[in-house]
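Thanks for making time this morning. I would like to walk you through one model, and I suggest that you keep it on the screen while I talk.

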Amino acid sequence: MVGKNNLLHLHGIVILDFGSQYNQLIARRIRENGVYAEILPYNVPIDEINKRKPSGLILSGGPSSVYGDDAHLISPDIFKMNIPVLGICYGMQLMTYLLGGKVDKGEIGEYGKAFFYKDVNHPLLKDTADKFQVWMSHFDEVTQVPVGFGILGHTDTCMAGIYNDAQKLYAVQFHPEVEHTEYGRQILKNFVLDICQATPNWDLHDYITQTVSAIKETVGDEKVILGLSGGVDSSVAAMLIHKAIGKQLTCIFVDTGLLRLDEAKAVMETYGKHYDMNIKLIDAGEQFLMALKGVSDPEEKRKIIGHEFVEVFNREASKIKDAGFLAQGTIYPDIIESQSAKGGPSATIKSHHNVGGLPEKMHLKLLEPLKELFKDEVRKIGLELGIPREMIMRHPFPGPGLGIRILGEVTPEKVKILQQADAIFIEELRKNDLYDKVSQAFVVLLPVKSVGVMGDERTYEYTAVVRSADTTDFMTATWSRLPYDFLEKVSSRIINEVRGINRVVYDISSKPPATIEWE
């Protein structure tokens, strides 16, 4: 939320962040049950937790060892709040350690799929099988439970679940939040709804009403500038802000020179047709490409693009009287991959232009009405706001654009090549009724040339990577099993129609360990 005096979300589930990259998944799974979930740093004062009057608390996983010099430890008083607590992975080891049990280095680590064997029938495991697949990622393990605890179950190599009903304390060694764990959603549902007895009151319609009200309060009589890219996030952010303050919002469409083929034209035509908004088109392609000249490092490219983006806004803001806010379509996954949400210890994977690339001193205050939402929640809000489905269901496009899909130095020639190749891939997906069946699809241009033969002549051209991923939350993803004949058609068209490419490969990496984008 974005208001100055927002009420805290009360009676939800608080997740303490110990550094797991799956924290947002935990929150998403809880929200699927209609219960609000909020992530806070592991070292947040207990008073801050109590202010939220949570129905329950979850201790996340994390990369630390409880015996490490850099261990993320907390006060045992956390277990005296008289609310149910669920420890996950490191959270189980931490609970055990703080309450007098024993944690040791395992003889072998467990990473990936394992089988959980139920030792007792317990409410946490209601409606699960006696044996089911789980996802493990740990080396340390619990070898002795604290006094008063029982054992929920085990894997072939370790104790994998413990409980203390009297103190409302529960823990599992596996990750119930990931897709690879069978019954993972059921276990979290059992904890949230049955054990915590949380009230399902997280409603996106209410979120719209509250956010519109908060924007009005925050903005007052000032004006807001928003970068409208045509993507889902910026479109929904624009609609929410427009609904709140109308003509006080000016949308600026910045053509960075790193957009998809004919993107500027398509966005301006679409928004001119559907919305009564103030929209300005800024052609800044030359500025961005000049700034990127000679730069190959992906983080440096992101920061440069972010810097130039803000510079454009500051320049435009100086032309708009009383402009006080820069609005962005930042969402939860942006936050978790740039820094841990709200200051926790999760590792940085990559920075985003609308998070990590911003200079410390801005001329405008930030307005980010979507930063607590997941992508599917943003889409639902967009549909409820009346944005056409074909716009809301567009695949994500990164803020830095093709700048991070061209590996190595970005040049005008490479941009043109990639735009054409990407357009062919998307066109074929739509033509073959595959676009809506995959979550994100695009082409990457590698800084690699290889020998080919075209028209009986030797060529030495670039290699293109076709990437398509399937996901429900963009925190984990699998590669799309596209038909071979379809991939053959895409490859043939790109090689024949795009000058500069003579080889096409298909990316079959999942997330994790890879990310969806290459940079």
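Aspartate 17 stands opposite proline 41 in strand 2, and this is one position in a pairing of 5 bridges that joins strand 1, residues 13-17, to strand 2, the two strands running parallel. Between them the chain passes from strand 1 through helix 1, residues 23-31, to strand 2, and this β-α-β crossover is right-handed, meaning that, with the strands pointing away from the viewer, the path from the first strand over the helix to the second runs clockwise. Two strands are said to pair if DSSP finds at least two bridges between them, and the helices (H or I, at least four residues) and strands (E, at least two) are DSSP runs numbered from the N terminus.

Before going further, please keep in mind that this is a predicted model, in which local features need pLDDT of at least 70 and side-chain atom pairs count only at pLDDT 80 or more, while totals for chains, interfaces and linings use all residues. Residues are numbered from 1 along each chain as its sequence is written, and side-chain values use heavy atoms, with hydrogens and water left out.

Why is strand 2 described as largely enclosed by the rest of the structure? In strand 2, residues 37-41, 5 of the 5 residues are buried, so the strand is largely enclosed by what surrounds it in the structure, where buried means under 20% relative accessible area, exposed over 50% and partly exposed in between, with a 1.4 Å probe and protein chains only. Ala37, Ile39 and Pro41 point one way from strand 2, whereas Glu38 and Leu40 point the other way. In a regular strand the side chains alternate between the two faces of the sheet.

Let me turn to strand 9, residues 169-172, which is also covered on both faces, with Leu169 and Ala171 buried on one side and Tyr170 and Val172 buried on the other. Strand 9 pairs in the parallel sense with strand 4, residues 85-88, over 4 bridges, and isoleucine 88 has valine 172 as its bridge partner there. With strand 8, residues 159-164, strand 9 pairs in the antiparallel sense over 4 bridges, and here the bridge partner of asparagine 164 is leucine 169. Strands 8 and 9 form a hairpin with 4 residues between them, and lysine 168 in the turn has a positive phi of about 60°.

Now for the charged pairs. A search of the whole structure finds 27 salt bridges, each being a side-chain nitrogen of Lys or Arg within 4 Å of a carboxyl oxygen of Asp or Glu. One of them joins aspartate 376 to arginine 28, with the closest N and O atoms 2.5 Å apart, and this pair links distant parts of the chain, since aspartate 376 is in helix 11, residues 375-384, and arginine 28 is in helix 1, 348 residues apart. Arginine 28 counts as buried, at 6% relative accessibility.

A more local pair is found in helix 2, residues 46-51, where lysine 51 and glutamate 48 lie 3 residues apart, about one turn of the helix, and their side chains meet in a salt bridge at 2.8 Å, N to O. Lysine 51 is partly exposed at 47% relative accessibility, and glutamate 48 is partly exposed at 27%.

My last stop is helix 13, residues 412-431, where lysine 431 and glutamate 428 are separated by about one helical turn, being 3 residues apart. Their salt bridge has its closest N and O atoms 3.5 Å apart; lysine 431 is exposed, with a relative accessible area of 56%, whereas glutamate 428 is buried, at 1%. Both belong to a network of salt bridges that links Glu427, Glu428, Lys431, Lys489, Arg493 and Glu497.

What covers the buried residues of helix 13? The cover includes helix 8, strand 15, strand 16, helix 14 and strand 18, contact being heavy atoms within 4.5 Å. Among the buried residues of this helix are Val415, Ile417, Leu418 and Phe425. After helix 13 comes aspartate 433, whose phi is positive, near 55°.
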